[in-house]
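Please open the model in your viewer and keep the selection panel at hand. The tour proceeds by selections, each followed by a description of what is found there.

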Amino acid sequence: MLSPERLALPDYEYLAQRHVLTYMEDAVCQLLENREDISQYGISRFFTDYFNSVCQGTHILFREFSFIQATPHNRASFLRAFWRCFRTVGKNGDLLTMREYHCLLQLLCPDFPLELTQKAARIVLMDDAMDCLMSFSDFLFAFQIQFYYSEFLESVAAIYQDLLSGKNPNTVIVPTSSSGQHRQRPALGDAGMLDGVEASLFYQRLENLCDRHKYSCPPPALVKEILSNVQRLTFYGFLVALSKHHGINQALGALPDKGDLMHDPAMDEELERLLVQVPGLVNSITATSEASCLPSRTPPRVGSPWKPLHRSRKLDAESDGSTEETDESET
């Protein structure tokens with residue numbers, strides 16, 4: 001049964017909205033690049049597997065940045081993959097720096113730009129140094145806003161800067177497309193950071209912007225709700241409010257609520273299924289858990305493998321001498 005959205009749109013508009021042409025072009029490119037391997041099991045199976053992976057959101061794994069940001073679905077899939085792969089960081093309560101989070105992002109997308117990670121970290125850290133530690137949940141929700149609404153936020157930054165400097169509000173701002181190039185965010189002066197701009201005027205400008213960003217901005221009603229609760233706000237105050245807004249997270253649909261962030265029953269079930277398939281691994285884990293219930297004993301001292309060589313030799317010589325003295329005393 002077709003969805004009401006599908007019935008209300010002409011075919012070409014629906015295909016454009018879903019970026020079907022983008023995926024067809026990518027599938028054909030991959031088909032041509034791997035035609036020797038694909039010929040073994042057939043082209044029809046290749047297209048079936050490809051579009052199944054698109055539906056499941058696994059098609060963005062280890063792809064280039066230009067592809068993972070090409071469509072809203074790709075961006076949401078990347079956010080979901082990052083959460084599912086590294087949620088144990090939050091589960092363990094680990095705090096990481098911006099550079100460390102960037103390394104995690106590069107494990108999924110090797111050419112992920114550092115600038116985007118820095119901008120996401122700035123939402124969390126505000127005026128703190130960029131090498132400060134951040135929790136997984138704080139970084140993840142800030143990263144979600146910065147990554148998914150990247151072009152929108154570039155235009156918002158320009159509007160904010162214009163309001164601070166008193167420029168003409170009728171200036172049209174045309175955002176860049178998904179070219180992979182991200183402009184430096186306008187530097188905000190100390191006065192702007194402290195006092196901000198009038199919220200009602202800011203919303204008037206953003207309302208027009210949201211009309212032009214039909215598929216890449218937060219729901220205008222939720223933006224209005226955020227701005228109606230304050231008289232003035234700063235640019236980063238606005239970004240923090242976006243990242244913490246429950247409704248915006250739900251509208252985007254990539255991540256669970258913050259209270260459920262560390263729970264992923266489907267992934268846990270999949271991991272358990274995979275563990276069962278690894279011979280001896282389950283028994284090893286079981287034995288480890290049983291051993292943890294036994295009374296603790298002093299563990300044997302083990303030499304560090306990173307010990308300097310000359311130091312190791314010195315210890316060996318001392319050990320030999322000690323043994324000889326023991327043998328002599330015994331005789």
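The stops below go from the whole chain to helix pairs, one helix face and a single residue.

This is a predicted model, in which local features need pLDDT of at least 70 and side-chain atom pairs count only at pLDDT 80 or more, while totals for chains, interfaces and linings use all residues. Residues are numbered from 1 along each chain as its sequence is written, and side-chain values use heavy atoms, with hydrogens and water left out.

**Whole chain.** Select the protein chain, which has 19 helices and 4 strands; these are DSSP runs (helices H or I, at least four residues; strands E, at least two), numbered from the N terminus. Of its 331 residues, 36% count as buried (under 20% relative accessible area; exposed is over 50% and partly exposed in between, with a 1.4 Å probe and protein chains only). Among contacts (heavy atoms within 4.5 Å) with a separation of 6 or more, 70% come from residues 24 or more positions apart.

**Residues 20–33 and 43–56.** These are helices α3 and α5, which pack at about 130 degrees with axes 11 Å apart. Axes are lines fitted to C-alpha atoms, for helices over the stretch in contact, and angles run from 0 to 180 degrees between N-to-C directions. At the interface, Tyr23, Met24, Asp26, Ala27, Val28, Gln30 and Leu31 of α3 meet Ile43, Phe46, Phe47, Tyr50, Phe51 and Val54 of α5.

**Gln56.** Remain in α5 and select Gln56, which is exposed at a relative accessible area of 60%. Add Ser77: its C-alpha atom is 8.3 Å from that of Gln56, although the two are 21 residues apart along the chain.

**Residues 98–108.** Which residues of this helix, α8, are buried? They are Met98, Tyr101, His102, Leu104, Leu105 and Leu108. These cover an arc of only 155 degrees around the axis and therefore lie on the same side of α8; the arc is that of the directions from the helix axis to the C-beta atoms. Arg99 and Leu107 are exposed on the other side. Next, display α7 (72–91), β1 (95–96), α9 (114–125), β2 (134–135) and α10 (136–148), against which the buried residues of α8 pack.

**Residues 220–228 and 235–244.** Finally, select helices α14 and α15, whose axes are 11 Å apart at an angle of about 125 degrees. Here Val223, Ile226 and Leu227 of α14 meet Phe238, Ala241 and Leu242 of α15.
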